[in-house]
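Okay, thanks for making the time, everyone. Let me put the model up, and then I'll walk you through a handful of places in it.

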Amino acid sequence: MSSTGVSVEYIATGANRQTAAADWSRSGVLAFGAQANVALWRPCLDPPQGIFALLSGHTETVKAVKFLPEAEDDEASYLVTGSDDKTLLVWKSSSDRRSFGILATSGEHQGAVNCIAAVRPRRDWHKYIIATGAADATIRIWALAQDQVKLVQTIETAPKYFPLSVCLAALGAEQDGLLVLAAAGTRDGIQILTGETESGLFSVKTNLSGHEGWVRSLDFATGSDSELLLASASQDKYVRIWRLHKAVSAATPPSNKAYWVAAGTRLYSVTFEALLLGHDDWIYSARWHVGRHGRGLQLLTASADNSLAIWQADASSGIWVSTVRLGEISREKGATTATGSTGGFWTGLWGPHGRSVACLGRTGSWRTWQLLDDDGWRPCVAVSGHTRPVTGIAWSATGRHVVSTSLDQTTRLHGQWAASTWHELARPQIHGYDINCIGWLGPRHLVSGADEKLMRVFAQPRAVARLLSRLAGREPVDEPLHDALDSSAALHVPDTADMPVLGLSNKAVVHQDAPTHDSTALAAKPPPLDLAHPPLEETLSRHTLWPETEKLYGHGYEISCLATSHDGALVASACKASSTNHAVIRLFETTRWTELRPPLTAHSLTATRLRFSLDDALLLSVGRDRRWAVFERAPNHSAGFCLVQTNPKGHTRMILDAAWAPPAAHFVVFATAGRDKQVHIWASPTTNLAFSQAATLPTATPVTSVDFLSRLADGKLVLAVGTEAGRLSICLVSPDGSSITELPPPPQLLFSRPVLQLAWRPCLDTCQAASYTLAVAGEDSSLRLYSIEPAYLRSV
């Protein structure tokens, strides 16, 4: 636990789909851009631990990440990042490499920073030369010495192009003080520049031709006799290898054109060495590794054809051949970049010792492999997460799992592996619309609402249920899996689900030899979910879908919010609206999946949040019309609920969120959060419901999310508050709502973008009070779980 009483238990976020947006340091830390953040992860830990930190400093998408070269005795690591916000940040780590702080910030570029390269001219120097390429069609040279960053040179590209990749290397011996810079981008040529270590000034010497598409990646490596090899990966589906060496008196063979490069007083030649063929689509990344134990020089390439390849020169013939092939080779015929696909692997990275590789896929998830003693490569558990704002989160009733939805059109289920580390364990929904909200219906059903006029209900398949039980350390269940929602319908639970081509509904899949009474269910082989570890990305995206069982219609516009009763019997929903006719709340019962009419009316504009009280006796709604409304369960009423009270001026601006407090003696309390930069606490006696404002918490920025802990802590209500500025704080509220006190927030509760939703983990009778868990959904695409110690709640 943290000394502040607040610690990060789990972080899930997807990586930015950019070739230069990730790097793997010598100390074993993999850093990658995740929206405007930089995520830190140690892939080689056993057991896997996941992302351990998010660095916030940029305001837009991070597109370039680079660790500066390290020596074994360095006390700290340096990290350089570039972003769409046109800034360059230099970070310096602590001695344990677990935390980084901003050392310097530069806004010299006039466009997005696309790529970064760095070189340490001498191993015993603490001086670095850094090159950055940006969408302003410039390459800038920087010097970092004694923790001071200085701009040395600005190079205008001519002919004009946007640099997508740059790489730096020392030329010749260290004492020569010569550097070579290769740059390429939105043209098919590669510029070679040379410079001196002392001045840091570069000049263009030649342009390498041969590629027939944009060059996406460049990398230097030192070959035999201190010669440099340059690998260039292009959208023309080829990798070219170039050799740079001192000029000799022997004439260059006429079949191999030589490019002459002057550096200082020396003359070098660049010759075309090899053309690597084997990928079927654009090649995004090419990285060298100097192998040990006789492995020699190896090249790792990542392509849009869903494959990684490791290339090595044959010892006898010198011909470069692909020795290892990883990934999903030729899985989807026709789905290429030429047809608009953005699939494939966007970058490939070597581990510190060359015994592990990692690549980034189209879903923002990582895949890793480790080299075994028998020269085989074993896939390992990696990290995953949403790639766009997380719009909804919901805990299961037991608190074992939390589901999240996002504008990346996926629903993801997260849980603990053997009551230890958290991981993504299933992906119930992969949709064609942005998903806005999610809720549980009993232990094995989910309902989601997206940018469409209906809600979809999903049932947990048999294979996923067994997987979740196994990973939680419980014996898998063998009996038919159903809950109260199944009693009147299915006696058979499908094994898994599949997404038809061009379809939006997950279809049930059953084993070929399993009896089924559903003529629409597909027959298939058993899914590969007999796992002792969290599923890998390929399994998550293909075999952990939940079949869709119901569709709930009635709304005229896109679903804006929904809520499910704690007993799983009701679903309340609202849609985007600009008139009273559409700003209604529709209730659906889950026995026959029919709507309870008439719909509840109170709002004139879009309802932004619906919440059932813990005993399901009350329903609270808030909206863009600044109004809140409370409905009470009315068994004799056809709609099931009736309006008790409404306040048309609950806030001076739109209300964005609301939450019920747990039951307290003699009082019913709820909180509302508004764009007017205030949190209002409303209270009413339990005997006669009449809510009035009891307390107010002013904030510096609009409040976007609130949620109450489901139990009292030392006689106080605990309220979490998130703001548009990304500030998350914990407040203590008196049981009658008359007073509210904000606790000082520790640094780990700060986000780079707005906090969109909060959800406390349910506290059951068996819940240990050692800590409380808060789930936070951020616009920065992250889902975070915080552990809050009771001592922190007593810090005031």
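**A walk through the strands**

So, let's start with an open sheet: it has four strands in the order E54-E55-E56-E57, and the pairing is antiparallel. One thing up front: this is a predicted model. The edges of that sheet are strand E54, residues 703–708, and strand E57, residues 740–742, and each of those pairs on one side only. Going from one strand to the next, the twist averages 25°.

Inside that sheet, have a look at strand E55, residues 717–723, and strand E56, residues 728–733. How many bridges link E55 and E56? Six, in the antiparallel sense. If you want one pair to click on, take Ala720, whose bridge partner in E56 is Ile730.

Now swing over to the other end of the numbering, to strand E3, residues 30–34. Are the residues of E3 mostly covered or mostly open? Mostly covered: five of its five residues are buried. As a general reminder, side chains in a regular strand alternate between the two faces of the sheet. In E3, Leu30, Phe32 and Ala34 point one way, Ala31 and Gly33 point the other way, and all of them are buried.

What does E3 pair with? Strand E2, residues 22–24, runs antiparallel to E3 and is joined to it by three bridges. Asp23 is the residue standing opposite Ala31 in that pairing. E2 and E3 make a hairpin with five residues between the strands, and in it Gly28 takes a positive phi near 95°.

E3 is also joined to strand E4, residues 37–41, again antiparallel, this time through five bridges. Here Leu30 has Trp41 in E4 as its bridge partner. The E3 and E4 hairpin has two residues between the strands, and Gln35 in the turn has a positive phi of about 55°.

Next, the record. The UniProt entry, which is unreviewed, carries the annotation "repeat: WD" over residues 55–101, 208–252 and 383–413. What do those spans look like in the model? For residues 55–101, the end C-alpha atoms lie 8 Å apart, and the span is 0% helix and 47% strand. For residues 383–413, the end C-alpha atoms are 13 Å apart, with 0% helix and 52% strand.

On to the surface. Tyr238, Leu275 and Leu277 make a nonpolar surface patch of about 250 Å². Leu277 sits in the loop between strand E22 (266–276) and strand E23 (283–290). Why do we call Leu277 exposed? Its relative accessible area is 51%, and the cut-off for exposed is over 50%.

Trp346 is the opposite case. That tryptophan is in strand E27, residues 345–350, and counts as buried because its relative accessible area is 11%, with buried meaning under 20%. Trp346 and Tyr284 are 62 residues apart in sequence, yet C-alpha to C-alpha they are 5.6 Å apart in space.

Last stop, the backbone oddities. Most residues other than glycine have a negative phi, and most peptide bonds are trans, so exceptions are worth a look.

Which peptide bonds are cis? One of them runs from Ala158 to Pro159, with omega near -5°. Pro159 is in the loop between strand E13 (148–156) and strand E14 (163–171). Another goes from Arg597 to Pro598, with omega near 0°, and Pro598 lies within a strand, E45, residues 594–601.

Then there are positive phi values outside glycine. Asn306 has one, at about 70°, and that residue is in the loop between strand E24 (297–303) and strand E25 (307–313). Is Asn306 buried or exposed? At 17% relative accessibility, Asn306 counts as buried.

Arg626 also has a positive phi, near 70°. You'll find Arg626 in the loop between strand E47 (618–623) and strand E48 (628–633). With a relative accessible area of 38%, Arg626 is partly exposed. Okay, that's my tour, over to you.

Notes
Residues are numbered from 1 along each chain as its sequence is written. This is a predicted model: local features need pLDDT of at least 70, side-chain atom pairs count only at pLDDT 80 or more; totals for chains, interfaces and linings use all residues. Side-chain values use heavy atoms; hydrogens and water are left out. Two strands pair if DSSP finds at least two bridges between them. Axes are lines fitted to C-alpha atoms, for helices over the stretch in contact, and angles run from 0 to 180 degrees between N-to-C directions. UniProt positions are given in the numbering used here, feature names are shortened, and annotations may be inferred rather than shown by experiment. Patches are made of residues with over 30% relative accessible area and no salt bridge: like charges are joined within 9 Å, nonpolar side chains (Val, Leu, Ile, Met, Phe, Trp, Tyr) within 5 Å. Accessible areas come from the Shrake-Rupley method with a 1.4 Å probe; for residues, only the protein chains shown count as cover. A salt bridge is a side-chain nitrogen of Lys or Arg within 4 Å of a carboxyl oxygen of Asp or Glu. Buried means under 20% relative accessible area, exposed over 50%, partly exposed in between (1.4 Å probe, protein chains only).
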